[in-house]
Amino acid sequence: MRNKKFILAISAIMCMNIALSGCGEKASFKSSSTASSDVATNEDSKDQNAQEDELDDSLADFDYPYFFLGSEDGDYSYIVDEAGKCVKTIDRAEVYNILSNKFEVGEDKHSIDIEYSYGDIVFCSVFNSTTDWKKNDFYAVNTKTKDSVLFCEIEGSYYYNIDYYKGSIYITGRDFEKKFEFTDSLEYSESEVDLKDFFEGAKDYAIQISLIFEKGSYTRVFDEIGFVPAFNDEYKDEVLFAISKDGEVTKVPYEYQHSDSLFGYDKDGFIIYSYDEDHNFIKAELVDPKTGEAKEFCSDSYVYCKGFDNNYIYYIDEVYTDTYMMDETYYYAYDVKNGEEKLLYKKKRTPGSGYNSNYHDGYYINNGKIYFTDVDGSQGKWLIIDASSGDILPTDCVYNEYNALKYGTVEYDYSKTLCDKCGKPLIRAYQEYFVLSDEYSDHADEINKSIKENSIEDESNAFGYSDDDCSYHDQYTDTLTDTYEKIVWNVDIIKDHYLTVDLSYYSMGVGAAHGYGAGYMLVYDLDTGKKMGISDFFDGTEEEFKKLMAEKTVEYFNSPEGEERNNHDDIGDDEAIYHNAYEQAGFDTTHLDFYEDHVTLVYYQYEIAYYAAGCFYIDIPYEDFHA
């Protein structure tokens, strides 16, 4: 349960477009000009199929004919050809295992981000941070030879991009760009891209760097577009500029207003959103960078623009429905030449698939086609739409696996709680529950009844309401209420005997500084239908259990990871940690998740440390657990 919604929500906010001003933090580097790697594992190399051999041969071509489909959340990334046919599959777990045999790259496969791949080489990154320290490590992995190398380290810079362009890898930040050229054996050369004229010309301006990163490196941007957008440093006035590679600064002849927002840009123009003084969306325009002429393409409601390509503007409209969490997502393409809007695709969230409607992760644009994800059976798959024809092309590329939809179905309960006195809506609640297929147990009906009873709860317990005062919810409306959501995060069958149902919940109050999320796991014996508790597995007394949990907690905080978090978050010394863990532990109070070869002791926010310290996950092998 490491990647829950209450963590993902923070990540989504951090991924939103942010502009850095000229006084941005300067990065420092550690890298070698030429290096070769040691073999990370002794596994035999896998045979490559004919398509992958053809792909290897194509690496000599200057114009790379394939397209990379990556994912921040999914387990797999892909190289596909122009027809969308999968040429190579990149398994995040495989890459993580190769790296972890040689480097410290985090606790699980989701600690690494798969950034790009060509041929047998996969490029990935690991982000490390504390309150006052940030570091990005970049690795190259050859999945055929199992070699790996750390080729670049960046300290002090959070915003970066990695781009494959014309046979080279570029790593770009606000005030730097580095170029790396690799051989199949992972030997590489490194050079600094000469952008001194640009950086000199841009030093007093706020470069819109997050918009650049939608396209890739500075080198690509200057080749394909010719300029970078910028504002005055510290946004002293509402003037939009274009800065070229030679550092020439040109004012864009457009009356940019304080309430406007630059959303994106391409060689065809700027996407500018206009708002009124109350921050309500008014319109979206395409602005010519040379003439300043503005062409309105959306004025009905706010849409999330994803970019330009082949005279089309692509955007997404997420429409709220009457049922909280069951929103609909519409994919559009706007033809700049004839002014027509095309609805390309519509999808609705699928219960049991987590937060699959997140279009920030699963969406690419390439050569007149959009690549995006949707649920197909028990899998999330990539689809392709041709913008000009509207044709939908299925692929065999899996974005994610959904065990809940493999072992059964997921239903949901929706409710809206009203104030007894004034009748205003107080809470919208969405709660999922798993329904096991009959083929997995003769006691499926009994198990399903228990699962529903232990999944659906009174949502008002998550909030403290006054029985006498209605003034605190005067501003509440049908769509502005406190919210409570519970989703089936994962389902599994372990030891061919036990069903585990992993539930995650999140509550958010109107006007609150932050929400609160946690979770729990239900476990059932498939042979008897019995709901299992900790005491059914632990071979000992509750007193012995409390001591074991306290000991394992202290052991964790004496590990390198635990010591680092303790040093940063000041959780306490061994005695204090032991006492706190011991007092919280109990057969009915401890959060334990059960897996094939271990249990995980979970401390949610506030349970052993303050909110900002986050959650703690402590793996305990079954032999130590006395199961």
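## Salt bridges

A salt bridge is taken here as a side-chain nitrogen of Lys or Arg lying within 4 Å of a carboxyl oxygen of Asp or Glu. In this predicted model, the side chains of K346 and E328 meet that description, with an N to O distance of 3.9 Å. K346 belongs to strand β24 and E328 to strand β23, so that this salt bridge links distant parts of the chain, 18 residues apart. The two partners are covered to unlike degrees: K346 is partly exposed, at 46% relative accessibility, whereas E328 is buried, at 15%.

A search of the whole structure finds 21 salt bridges. One of them joins E190 to K178, whose closest N and O atoms are 2.9 Å apart. This pair also links distant parts of the chain, with E190 in strand β12 (residues 188-192) and K178 in strand β11 (residues 176-182), 12 residues apart. E190 is partly exposed, its relative accessible area being 22%. K178 is buried, at 5% relative accessibility.

## A helical pair and a network

Helix α10 contains the salt bridge between E555 and K552, in which the closest N and O atoms are 3.7 Å apart. The two residues stand 3 positions apart in helix α10, which means that about one helical turn separates E555 from K552. K552 has a relative accessibility of 12% and therefore counts as buried, since the cut-off for burial is under 20%.

Salt bridges can also be joined into a group. K135, D137 and E153 are linked in a network of such contacts.

## Aromatic pairs

The structure holds 61 aromatic pairs. Among them is the pair of Y118 and Y164, which is tilted, with 4.5 Å from centre to centre and 40 degrees between the planes. Y118 lies in strand β5 (residues 113-118) and Y164 in strand β9 (residues 161-165), so the pair ties together parts that are 46 residues apart in sequence. Both members are covered: Y118 is buried at 6% relative accessibility, and Y164 is buried with a relative accessible area of 5%.

The rings of F538 and F545 provide an edge-to-face example, because their planes stand at 75 degrees, with the ring centres 5.4 Å apart. F538 counts as buried, at 5% relative accessibility. F545 is likewise buried, at 0%.

Ring pairs also build a cluster. Its members are F68, Y116, Y118, F123, F138, F151, Y164, F180, F182 and Y188. Y118 and Y164, the tilted pair described above, are thus both included in the cluster.

## A patch of negative charge

On the surface, D539, E542, E543, E544 and D588 gather in a patch of negative charge. D539 is placed in the loop between α9 (534-537) and α10 (542-557). With a relative accessible area of 64%, D539 is exposed, because the term applies to values over 50%.

## Positive phi values outside glycine

M325 is not a glycine, yet its phi is positive, at about 80 degrees. The residue is found in the loop between β22 (312-319) and β23 (328-335). M325 is buried, with a relative accessible area of 11%.

D496 is a second residue other than glycine with a positive phi, in this case near 55 degrees. D496 lies in the loop between β31 (482-494) and β32 (498-508). In contrast to the buried M325, D496 is exposed, with a relative accessible area of 74%.

## The position of E340

E340 is placed in strand β24 (residues 340-348). Its relative accessible area is 46%, so E340 counts as partly exposed. Along the chain, E340 and F297 are 43 residues apart, while their C-alpha atoms are separated by 8.8 Å. Strand β24 is also the strand that holds K346, the partner of E328 in strand β23.

Conventions
Residues numbered from 1 in each chain as written. Predicted model: local features only at pLDDT ≥ 70, side-chain atom pairs only at ≥ 80, totals over all residues. Heavy atoms only, no water. Patch = residues over 30% accessible without salt bridge, like charges linked within 9 Å, V, L, I, M, F, W, Y side chains within 5 Å. Areas by Shrake-Rupley, 256 points an atom, 1.4 Å probe, with all protein chains shown as cover. Lys, Arg positive; Asp, Glu negative; His and termini not counted. Charge placed at Lys NZ, Arg CZ, Asp CG, Glu CD. Helix = DSSP H or I, 4+ residues; strand = E, 2+ residues; numbered from the N terminus. Buried < 20%, exposed > 50% of the residue type's maximum accessible area, 1.4 Å probe, protein only. Phe/Tyr/Trp six-rings, centres within 6.5 Å; stacked < 30°, edge-to-face > 60°.
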